[in-house]
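Work through the exercises below with the sequence and the model open beside you. Try each task before reading its solution.

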Amino acid sequence: MTGRTHLIVSTGVTMSVMQLIGQGVTLPGFAVALISSLLPDIDEPNSLLLQKTVPNSLILKLKWLLAAIGVGWTVYAYLQSFFLPYSYGIGILLIAICLANHRLFRQLLMAALGGLLLYLGADGGPWLASVGALLMVCSVLPHRGLTHSIYGILIWGGLLYAASVQLAIPLWIAGAVSYTLHLLCDMLTKHGIQPIPPFKWKLRIPMMSTGKFSGFLVENVCITLTLVLLWNAFVTPLGSQVRAIWDSLWFQFGGM
Ligand SMILES: [Zn+2]
């Protein structure tokens, strides 16, 4: 399923559910639902979320920067006889990383960022550390591994619950619902999901393949159903409110 479909369906259905159960829609809740709709695919280096946060143009710039650092490092090591020959190894490694394809480079970048957060987390509290650890784990896991399981829902829900308590804003319901909806949508694909790894048992109702006609069809049906639900949750009540106001006005003034 494409990132666009996940974004619309998970966020749309979550907002409708929040409205219908009387939780209401808040801007932070909306933002969390939006991120949670794409978050499970963070272990897919070419996913929509990562393409938006780390676009290809930025990757290219980072590669050039890293290559320049690699060359500079090697030259410096040569001139200063700095930790030779190990320094040459580091220089060559830095340049070699730039030759990796964008996908692998994103993965390495994610692992590096995770490591950095983990390091900063030593002083910055458990938050940075857990996000860092999560990023590092996700960067090496196969796609639809941990993130597409019950554990993924529990970890993300738990993190959001802690944040909700700390910030005194109820965020976790929107986040957990949106995240779960992403997994439910992925259940409709040929690959399905593995809810409790390492058990190989899969949950799937194979109706579609992403990029095929079946994908186009199923994804658009899901989007349409989401729009219907949104209409029911937000527009229909508005209509009856307007009607109630109109009726009361009519009752007050219409009878004159
Ligand atoms: Zn997914």
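Helices here are DSSP runs of H or I with at least four residues, numbered from the N terminus. The model is a predicted one.

**Exercise 1. Find where Pro85 is placed, and describe the peptide bond that joins Leu84 and Pro85.**

Step 1. Pro85 has its place in the loop between helix 4 and helix 5.

Step 2. The bond joining Leu84 and Pro85 is a cis peptide bond, with omega about 0°.

Step 3. Ser81 is found in the loop between helix 4 and helix 5, and although Ser81 is not a glycine, its phi is positive, at about 50°. Phe83 has its place in the loop between helix 4 and helix 5, and its phi, near 45°, is again a positive value in a residue other than glycine.

Step 4. For background, most residues other than glycine have a negative phi, and most peptide bonds are trans.

Step 5. Ser81 is exposed, since its relative accessible area is 52% and the cut-off for exposed is over 50%. Phe83 is exposed as well, with a relative accessible area of 60%.

Step 6. A cis peptide bond also joins Pro197 and Pro198, where omega is about 5°, and Pro198 is found in the loop between helix 9 and helix 10 (213-254).

**Exercise 2. Check the span of helix 5 (residues 86-98), and work out on which side its buried residues lie.**

Step 1. Helix 5 has 13 residues, and at 1.5 Å a residue they should span 18 Å. The expected span takes 1.5 Å times one less than the number of residues.

Step 2. The end C-alpha atoms of helix 5 are 19 Å apart, which agrees with that expectation.

Step 3. The buried residues in helix 5 are Ser87, Gly91, Leu94 and Cys98. They lie on the same side of helix 5, because the arc they cover around the axis is only 60°.

Step 4. This pattern can be read against a general rule: an α-helix has 3.6 residues a turn, so residues three or four places apart point the same way.

Step 5. The buried residues of helix 5 pack against helix 4 (56-80), while the face turned away from the buried side carries the exposed residues Tyr86, Ile92 and Leu93.

**Exercise 3. Repeat the span check for helix 2, and list the helices against which its buried residues pack.**

Step 1. The 12 residues of helix 2 should span 16 Å at 1.5 Å a residue, and the end C-alpha atoms, 17 Å apart, agree with this.

Step 2. At the start of helix 2, a side-chain oxygen of Thr26 comes to within 3.1 Å of the backbone nitrogen of Gly29.

Step 3. Gly29, Val32, Ala33, Ser36, Ser37 and Leu38 are buried in helix 2, and the buried residues of this helix pack against helix 1 (3-20), helix 3, helix 8 (150-167) and helix 9 (172-186).

**Exercise 4. Explain why His6 and Ser10 count as buried, and trace how each of them reaches His182.**

Step 1. His6 is found in helix 1, and Ser10 lies in helix 1.

Step 2. His6 is buried because its relative accessible area is 0%, and Ser10 counts as buried because its relative accessibility is 0%; the cut-off for buried is under 20%.

Step 3. The side chains of His6 and His182 are joined by a polar contact of 3.4 Å, whereas the side chain of Ser10 reaches the backbone nitrogen of His182 at 3.3 Å.

Step 4. Leaving aside residues up to four places away in sequence, His6 touches several residues, among them Ser37, Leu38 and Cys185, and Ser10 touches residues including Ser37, Ser178 and Leu181.

**Exercise 5. Decide how many disulfides the model holds, and examine Cys222.**

Step 1. A disulfide is a covalent bond between the sulfur atoms of two cysteines, and the cut-off applied to the sulfur pair is within 2.5 Å.

Step 2. By this rule the count is zero disulfides. Cys222 is in no disulfide, and the nearest cysteine sulfur, that of Cys185, is 5.3 Å away.

Step 3. Cys222 counts as buried, because its relative accessibility is 14%, and Cys98 counts as buried at 13%.

Methods:
Residues numbered from 1 in each chain as written. Predicted model: local features only at pLDDT ≥ 70, side-chain atom pairs only at ≥ 80, totals over all residues. Heavy atoms only, no water. Buried < 20%, exposed > 50% of the residue type's maximum accessible area, 1.4 Å probe, protein only. Helix = DSSP H or I, 4+ residues; strand = E, 2+ residues; numbered from the N terminus. Arc of directions from axis to C-beta. Contact = heavy atoms within 4.5 Å. Polar contact = N/O pair within 3.5 Å; in protein donor to acceptor, adjacent residues only side chain to side chain.
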